[in-house]
Structures are given as C-alpha cells and as structure tokens.
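Here are a few notes to help you find your way around this model. Please keep the structure open as you read.

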Amino acid sequence: MPKPDRLIESSDFPELGFVEREATPEPAMKLGIQLHLAGLSLSDTVSVLAGLGVERCRTTVHNWIQKADLQPTEGYNPNYVAIDETVIRVNDQRYWLFAAVDPDTNRLLHVRLFPTRTQALTEMFLAELREKHLVDDAIFLVDGAPWLQAACHRHSLRFQHVTHGNRNAVERVFKELKRRTEAFANHFRHAQPQTAETWLQAFAVCFNQLI
C-alpha cells in the first residue's frame, strides 16, 4: 500500500473538473480517490480523511471517483502492446474486461468493459486504442484467442502469439486488479456496468501513477 505522503506529493494526478461544485478541498478529494484506488476500502479511506479533518461518508468518496471520469493518459508510443481480457462480475453477471498494457513499462494504455467477447468488440477496442495512442508500428502480443488475432489482422496490426515473457505484463496487471476487486466482495454489487467501467478506468490512472 503506497504511503499517503507519496500520493499527496504526486504532481501528475489529473485535475478534477467538478471541484467547483464541491465543498471539499480538491487536495482532499484527490487523496481520497487515490487512497481508495490504491487499496484502501471506502470505510478506511473515510477514516484517513477524518483524521485530516475532512468528514465525509463512503458514498461521497465513491461519487468523487464517478464524477472525476478519469482516463489513462493518451499519446504513448510503445514498441509492444500486450492485450488480453478477463472476467469481471457486476451484480453476479459476467462481463469481460479488455486491457492493453505496454510491457516495457507495465503501463495500462486502455481498458474497457464489455458484456461479452466477440471479434467485433475486440475490433472496437483496438480502434479506440489506436485513437488514443501511437500503436500502428507496435507489435501486439496476444494469446491463441482467435478473436484477438483476427481483430489485429483486420486493423493491419502486427502481432505475435506469445504465452510467456513480455505478455506476462498484462497478467500481472489483471492479478493486481482482481486483488483489488476481490478484496471487497460487494464492490460491484448494486452497480451499473458503466459505474464499474468508470471505476476500472480510474484504477488504471492510479495504477499507472504508482508503477
């Protein structure tokens, strides 16, 4: 768990565009968002804020994350991109989290949550990734999933079938993400899929900040 002072001193955390409508000082909101995404439960996050003189409830911290609408920084030019998907449960329903990772830095480049996994959705994911980052010259590291390989081919992206090595970067990210979501079994209960996706994208921002 990162130390609070490291989070407070971080200068690359995005500005919060909704602060003019909030009574809480922006540094306190940033700290609350970062603490929760870095590993604290909502209750523990509220306790830390209370120790700093900021009395807020768990719902308020949750709402800060939703309102912030954080997205991973765009414009990277990686040499390799590892892509994969994993199952995330929202209200006991299976959803597929697609992620693209730069294995040289472990940086999450793009994340999306879909109700299923198909070649069409994979192509959509890659199209969004290409809009956000300079990946046309990168080599994509994929497993044997035919929809991943077919989508890369459709976008004329170079890819390699890799099961170990650099592709393990995305597996490490998924492991940490599942540690966070499974630590609080009810995290995505009574939530809409869009709410879960917003949290996952905010997690990507915080993860990139702390690697």
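1. The largest cavity has a volume of about 30 Å³, and the count of cavities of 30 Å³ or more is one. Here a cavity is a set of points on a 1 Å grid over the protein atoms alone where a 1.4 Å probe fits but cannot get out; its volume is the space filled by probe spheres set on the points.

2. This is a predicted model, with local features needing pLDDT of at least 70 and side-chain atom pairs pLDDT 80 or more, while totals for chains, interfaces and linings use all residues. Residues are numbered from 1 along each chain, and side-chain values use heavy atoms, without hydrogens and water.

3. Around the largest cavity you will find Gln-71, Pro-72, Leu-109, His-110, Val-111 and Lys-132, where a lining residue has an atom within 4 Å of a point. Strand E3 (residues 107-114) gives the most to this lining, with three residues.

4. Now look at helix H2 (residues 26-38) and helix H4 (residues 58-68), which pack at about 95 degrees with axes 9 Å apart. H2 and H4 are therefore roughly perpendicular (65 to 115 degrees). Among the residues making the contact (heavy atoms within 4.5 Å) are Met-29 and Ile-33 of H2 and Trp-64 of H4.

5. Two loop residues deserve a look. Asn-106, not a glycine, has a positive phi of about 65 degrees and is partly exposed at 25% relative accessibility (20% to 50%). Ser-156 also has a positive phi, near 60 degrees, and is exposed at 64% (over 50% relative accessible area, 1.4 Å probe, protein chains only). Ser-156 sits between helix H6 (146-154) and strand E5 (158-161).

Definitions and conventions
On a 1 Å grid over the protein atoms alone, a cavity is a set of points where a 1.4 Å probe fits but cannot get out, and a pocket is an open set with protein on both sides within 12 Å along at least five of seven lines; lining residues have an atom within 4 Å of a point. Helices (H or I, at least four residues) and strands (E, at least two) are DSSP runs, numbered from the N terminus. Axes are lines fitted to C-alpha atoms, for helices over the stretch in contact, and angles run from 0 to 180 degrees between N-to-C directions. Angles under 35 degrees count as roughly parallel, over 145 as roughly antiparallel, 65 to 115 as roughly perpendicular and the rest as oblique.
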